[in-house]
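Trainee: I am new to this structure and should like to understand the terms used to describe it. May I ask how each one is justified?

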Amino acid sequence: MRRLLVIGIGAGHPDHVTVQAIKAMNQVDVFFVLDKGAAKDDLVRLRRQILDEHVHRPHRVVEAQDPPRDRTPADYQATVEDWHERRAELYERMLLDELDDDGCGAFLVWGDPSLYDSTLRIVERVIARGAVDLEYEVVPGITAVQALTARHRIVLNRVGEPVTITTGRRLDGMPPGQDDVVVMLDGEEAFRAVDGEDVDIWWGAYLGTPDEVLRSGRLADVRDDISRTRTEARERKGWIMDTYLLRRRR
Ligand SMILES: C[S@@+](CC[C@H](N)C(=O)[O-])C[C@H]1O[C@@H](n2cnc3c(N)ncnc32)[C@H](O)[C@@H]1O
């Protein structure tokens with residue numbers, strides 16, 4: 001039976017890689033790497049650095065092109081469903097063609113595989129398709145949320161209180177009844193739609209990397225600076241990944 005490891009490698013700093021991840025990577029014969037659009041060069045560099053530093057056994061790296069995806073579809077669910085199926089076909093082909101039937105393969109996942117990442121759903125789909133006999137394990141990683149809170153030296157939740165994690169696409173002002181909201185995958189500066197008078201923000205871009213930028217303060221005071229900083233950084237690097245916590249004052 002083929003073995004597959006889905007390994008979280010942290011949110012951008014090479015030292016986010018855990019001891020458990022290093023031990024897992026040293027069992028792997030083939031690392032599968034999918035091209036990730038604009039951030040590709042930086043991601044490939046980080047991945048190569050991690051493998052060079054930590055893997056001390058013969059291995060191969062197999063690269064493939066991620067199937068193209070409509071980022072602004074009319075029917076979001078149907079488009080994602082179709083994209084997952086095309087990815088499952090690709091994973092299945094890679095596993096069959098590149099991994100011996102008693103070999104160990106791995107996907108290295110940005111951050112942690114449980115948070116806004118489709119790798120586990122796709123692996124389940126591959127298994128359900130029935131063409132590959134596969135057992136798999138998940139190794140957790142440091143998420144962008146943890147990288148954000150550590151760099152700002154803040155606690156994610158208030159004492160005994162819930163925290164909402166959502167995407168920029170779903171944020172339309174501060175959600176009613178939710179006073180602590182983490183926003184990820186925000187292509188459109190959704191924080192601009194939030195009334196900033198009684199809300200604080202802790203914002204971080206390229207967390208853990210040499211390009212890291214942090215800002216915090218009352219949203220109304222720092223919003224324009226964050227927008228400006230974000231636009232400049234995005235133009236300079238060609239891509240941006242940012243995460244922020246919004247907290248309503250009481
Ligand atoms: C597809 S999700 C992947 C999340 C990842 N699985 C995790 O555990 O953090 C990508 C989003 O994660 C956030 N992100 C990932 N790495 C980041 C970083 N180094 N700095 C800031 N945000 C980051 C951004 O919100 C980005 O849009």
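Mentor: Let us begin with a definition: contact means heavy atoms within 4.5 Å. The model is a predicted one. Among its contacts between residues at least 6 apart in sequence, 73% join residues at least 24 apart.

Trainee: What makes the radius of gyration of the chain agree with that of a compact globule?

Mentor: The rule is 2.2 Å times the number of residues to the power 0.38. For 250 residues, a compact globule would therefore have a radius of gyration near 18 Å, and the chain has 19 Å, which agrees. Along its principal axes, the C-alpha trace spans about 60 × 40 × 40 Å.

Trainee: How much of the chain counts as buried, and what area does the chain expose?

Mentor: Buried means under 20% relative accessible area, and 49% of the 250 residues count as such. The chain exposes about 12900 Å², of which carbon and sulfur atoms supply 47%.

Trainee: Which helices and strands should I look for, and how many does the chain have?

Mentor: The chain has six helices and ten strands. Five strands form an open sheet in the order E6-E7-E10-E8-E9, with mixed pairing.

Trainee: What makes E6 and E9 the edge strands of this sheet?

Mentor: Strand E6 (164–167) and strand E9 (213–218) each pair on one side only. On average, neighbouring strands of the sheet are turned by 15° against each other, direction ignored.

Trainee: Why is E7 said to pair with E10?

Mentor: Two strands pair if at least two bridges are found between them. Four bridges join strand E7 (residues 180–184) to strand E10 (residues 242–248), and the two run antiparallel. In one of these bridges, Val181 has Leu246 of E10 as its partner.

Trainee: Which helices lie across strands of the sheet?

Mentor: Helix H5 (residues 144–152) lies across E7, E8, E9 and E10, running at about 110° to E8. Helix H6 (residues 219–237) lies across E8, E9 and E10, and runs at about 160° to E9.

Trainee: Why is Leu214 called partly exposed?

Mentor: The class lies between under 20% for buried and over 50% for exposed. Leu214 has 24% relative accessibility and therefore counts as partly exposed. This residue is found in strand E9.

Trainee: Which residues does Leu214 touch, leaving aside those up to four places away in sequence?

Mentor: Leu214 touches Arg151, His152, Trp203, Gly204 and Leu207. Leu214 and Arg151 are 63 residues apart in sequence, with 8.1 Å from C-alpha to C-alpha.

Technical notes:
Residues numbered from 1 in each chain as written. Predicted model: local features only at pLDDT ≥ 70, side-chain atom pairs only at ≥ 80, totals over all residues. Heavy atoms only, no water. Axes fitted to C-alpha atoms, helices over the stretch in contact; angles between N-to-C directions. Buried < 20%, exposed > 50% of the residue type's maximum accessible area, 1.4 Å probe, protein only. Areas by Shrake-Rupley, 256 points an atom, 1.4 Å probe, with all protein chains shown as cover.
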